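Reader: Hi! I'm in my first year and still learning to read structures. Could you take me slowly through one part of this one, and show me how it sits in the rest?

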Amino acid sequence: MGFKRKQSRVQSGRIGRLQRGTLVVSCTVVDVSDSGVQLESRLVVKPGEIVQLLIECGKEETLTCEVEVVHVRAPKIGAKITSITPENQARFARMLDDDVQNAFTRH
């Protein structure tokens with residue numbers, strides 16, 4: 001039986017950074033859902049690993065959260081959000097809404 005995603009994902013294309021300790025590596029947010037992200041990055045990670053994710057949201061606004069790596073097929077990384085502040089959750093919701101609007105206007 002295969003893995004079944006619980007939420008649909010929306011294409012993003014936003015720029016971000018993954019941080020593990022003092023190591024910071026750039027990434028691209030491929031797509032987002034209510035509880036997770038798919039990223040492209042050169043950072044070598046393993047499923048179960050916890051890293052910090054920073055996403056540029058525009059207007060000099062950055063979203064920060066903690067994610068757990070759930071799937072790796074280099075250079076793509078699937079991760080679920082494990083820790084996020086209420087302020088960053090609000091930014092994430094706005095970002096998701098913006099990405100949904102952008103996805104509809106592209107078609």
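Author: Happy to! Let's begin with one pair of residues: in β3, the bridge partner of Asp31 is Gln38. This is a predicted model, so please read everything below as a description of that prediction.

The Asp31–Gln38 pair belongs to a longer ladder. Five bridges join β2 to β3, and the two strands run antiparallel. Between β2 and β3 there are three residues, and together the two strands form a hairpin.

Now look at the other neighbour of β3. Gln38 also stands opposite Gly78 in β6. Strand β3 covers residues 36–41 and strand β6 covers residues 76–83; five bridges join them, again in an antiparallel arrangement. Gln38 is thus a handy place to put your finger: Asp31 is its partner in β2, and Gly78 faces it from β6.

Go back to β2 and follow its pairing with β1. Strand β1 spans residues 10–20, strand β2 spans residues 23–32, and nine antiparallel bridges connect them. One of the paired positions is Ile15, whose bridge partner in β2 is Thr28. β1 and β2 also make a hairpin, here with two residues between the strands, and Gly21 in the turn has a positive phi of about 65°.

Step back, and these pairings become part of a ring. Six strands close into a barrel, in the order β1-β2-β3-β6-β5-β4, with antiparallel pairing. From one strand to the next, the twist averages 45°. Along the sequence the pattern reads β-β-β-β-β-β-α, which gives one helix and six strands in the chain.

Strand β2 also holds a cysteine worth a look, if you are wondering about disulfides: the structure has zero of them. Cys27 cannot form one here because its sulfur is 9.9 Å from the closest cysteine sulfur, in Cys65, which is too far for a bond. Cys65 is in no disulfide either; its nearest cysteine sulfur, that of Cys57, is 9.5 Å away. Cys27 counts as buried, at 4% relative accessibility, and Cys65 is buried too, with a relative accessible area of 3%.

Finally, the whole chain. Buried residues make up 35% of its 107 residues. A compact globule with 107 residues would have a radius of gyration near 13 Å, and the chain agrees, at 13 Å. Its C-alpha atoms fill a box of roughly 40 × 35 × 25 Å along the principal axes. Among contacts with a separation of 6 or more, 46% come from residues 24 or more positions apart.

Note on methods: Residues numbered from 1 in each chain as written. Predicted model: local features only at pLDDT ≥ 70, side-chain atom pairs only at ≥ 80, totals over all residues. Heavy atoms only, no water. Pairing = 2+ DSSP bridges. Helix = DSSP H or I, 4+ residues; strand = E, 2+ residues; numbered from the N terminus. Axes fitted to C-alpha atoms, helices over the stretch in contact; angles between N-to-C directions. Disulfide = S-S within 2.5 Å. Buried < 20%, exposed > 50% of the residue type's maximum accessible area, 1.4 Å probe, protein only. Rg over C-alpha atoms; globule rule 2.2 N^0.38 Å. Contact = heavy atoms within 4.5 Å.
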